[in-house]
Amino acid sequence: MSEAAQTLEGWFSLHDFRTIDWEAWKQADEATRRQAEEDLQSFLKQWSALEADKKGSTAVYSIVGQKADFVFMHLRETLEELNELEIAFNKSAFAQFTYPAHSYVSVVELSNYMGQPGSDPMENPEVVARLKPVLPKAAHICFYPMNKRRAGSDNWYMLSMDDRRTMMRSHGMIGRQYAGKVKQIITGSVGFDNWEWGVTLFADDALQFKKLVYEMRFDEVSARYGDFGDFYIGNLLTAEKFSSMLKL
Ligand code: VOV
């Protein structure tokens, strides 16, 4: 049997994709819309206060295309907190004007492919900061789920730790060339959701997503072993931008 990679886990993650019921929004009277917007703005404030307290982090982005209208990406200490916050939001006046479009449950994950043997990673403040990250407020987000293939002779899970480490090193080298341009948050979802990982990328220049993902397709880890789900791409929604998006 091949040796499983050791993983470190940080904050739990919920990607909550919603579609706006524009028909209902347009039909609602102004007072109802105002109440809904106040509810929304108060949630956004609550989430940024929690982020300032280092108890989690939330990113809010519009989604381009028909898969959804916006996404809340929440990171919290526990699955209970994620559940409470989605339920609280669902009870809000604003949520009545939204439909669930998609969701993804996972946990921020680092593996030991690159770890220094013998050192305790949790003693390393950089590692801890990566496990409990403040989500970037970059101009764009890109999210997609992925698996490592288990098909015939292309079975990631039957490779030796050494072979996987070599390939992950090459993966990391490509990624490093995008330092300062693309920030990646890898969340593990084996046992939590339909795919094995969620990949969430942040960048100020959306073209860097395309360049990075394309370049990785030629790297063995992705070329031979990567299977991918639907891609979601969007633009940063500040509180003000959310308001103007809702203006009729
Ligand atoms: C933005 C750049 C970037 C950088 C620097 C980077 C580096 C690294 C390192 C060093 C490591 C290993 C140690 C760890 O940190 O866990 C990883 C790990 C991982 N990655 Fe990565 N990755 C990037 C980016 C990056 C992208 C764009 C993708 C999607 C792949 C694609 O083809 O679309 C990806 C996927 C993953 C996954 C699924 C894992 C976990 C694999 C596992 O089997 O456990 N990743 N990744």
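Mentor: A salt bridge here is a side-chain nitrogen of Lys or Arg within 4 Å of a carboxyl oxygen of Asp or Glu, and the model to which this rule is applied is a predicted one.

Trainee: How many salt bridges does the count come to by this rule?

Mentor: Among the pairs that satisfy the cut-off are lysine 132 and glutamate 77, whose side chains meet at 3.5 Å, N to O. Beyond such pairs, Asp154, Glu220 and Arg224 are linked in a network of salt bridges. By this rule, the count comes to 10 salt bridges.

Trainee: How many residues apart are lysine 132 and glutamate 77, the pair that links distant parts of the chain?

Mentor: The side chains of lysine 132 and glutamate 77 meet in a salt bridge. Lysine 132 sits in the loop between H4 and E5, while glutamate 77 sits in the loop between strand E3 (70-76) and helix H3 (79-90). Lysine 132 is partly exposed, with a relative accessible area of 36%, and glutamate 77 is partly exposed with a relative accessible area of 36%. Along the chain, the pair is 55 residues apart.

Trainee: Which residue forms a salt bridge with aspartate 227?

Mentor: Aspartate 227 is partly exposed, its relative accessible area being 29%. The closest N and O atoms of its salt bridge are 2.9 Å apart. The pair links distant parts of the chain, with aspartate 227 in strand E10 (residues 226-228) and its partner in the loop between E5 and strand E6 (150-151), 78 residues apart. The partner of aspartate 227 is arginine 149.

Trainee: Which side chain of opposite charge is nearest to lysine 148?

Mentor: Lysine 148 is found in strand E5 (residues 140-148), and it is buried yet has no salt bridge. Leaving aside neighbours within four places in sequence, lysine 148 is in contact with several residues, including Trp156, Tyr157, Met168 and Glu196. A salt bridge requires the nitrogen and the carboxyl oxygen to be within 4 Å, whereas the nearest side chain of opposite charge is 7.3 Å away from lysine 148. That side chain belongs to glutamate 196.

Trainee: Which element gives the most to the lining of the second largest pocket?

Mentor: The second largest pocket has a volume of about 240 Å³, and the elements that give two or more residues to its lining are helix H2 (30-52) and strand E2 (56-63). By class, the lining has 7 nonpolar, 3 polar and 2 charged residues. The element that gives the most, with 4 residues, is H2.

Trainee: Glutamate 51 and lysine 137 are among the residues that line this pocket; at what N to O distance do their side chains meet in a salt bridge?

Mentor: The pair links distant parts of the chain, glutamate 51 being in helix H2 and lysine 137 in the loop between helix H4 (125-131) and E5. Glutamate 51 is buried, with a relative accessible area of 12%, whereas lysine 137 is partly exposed at 43%. Their side chains meet, N to O, at 3.1 Å.

Trainee: Which residue has a positive phi although it is not a glycine?

Mentor: Most residues other than glycine have a negative phi. The residue in question has a phi of about 65 degrees and lies in the loop between H2 and E2. At 61% relative accessibility, it counts as exposed. The residue is lysine 54.

Key: Residues are numbered from 1 along each chain as its sequence is written. This is a predicted model: local features need pLDDT of at least 70, side-chain atom pairs count only at pLDDT 80 or more; totals for chains, interfaces and linings use all residues. Side-chain values use heavy atoms; hydrogens and water are left out. Buried means under 20% relative accessible area, exposed over 50%, partly exposed in between (1.4 Å probe, protein chains only). Lys and Arg count as positive and Asp and Glu as negative; His and the chain ends are not counted. Contact means heavy atoms within 4.5 Å. On a 1 Å grid over the protein atoms alone, a cavity is a set of points where a 1.4 Å probe fits but cannot get out, and a pocket is an open set with protein on both sides within 12 Å along at least five of seven lines; lining residues have an atom within 4 Å of a point. Grid points are joined across faces, edges and corners, and a volume is the space filled by probe spheres set on the points. Ala, Val, Leu, Ile, Met, Phe, Trp, Tyr, Cys and Pro count as nonpolar, Asp, Glu, Lys and Arg as charged, and the others, Gly among them, as polar.
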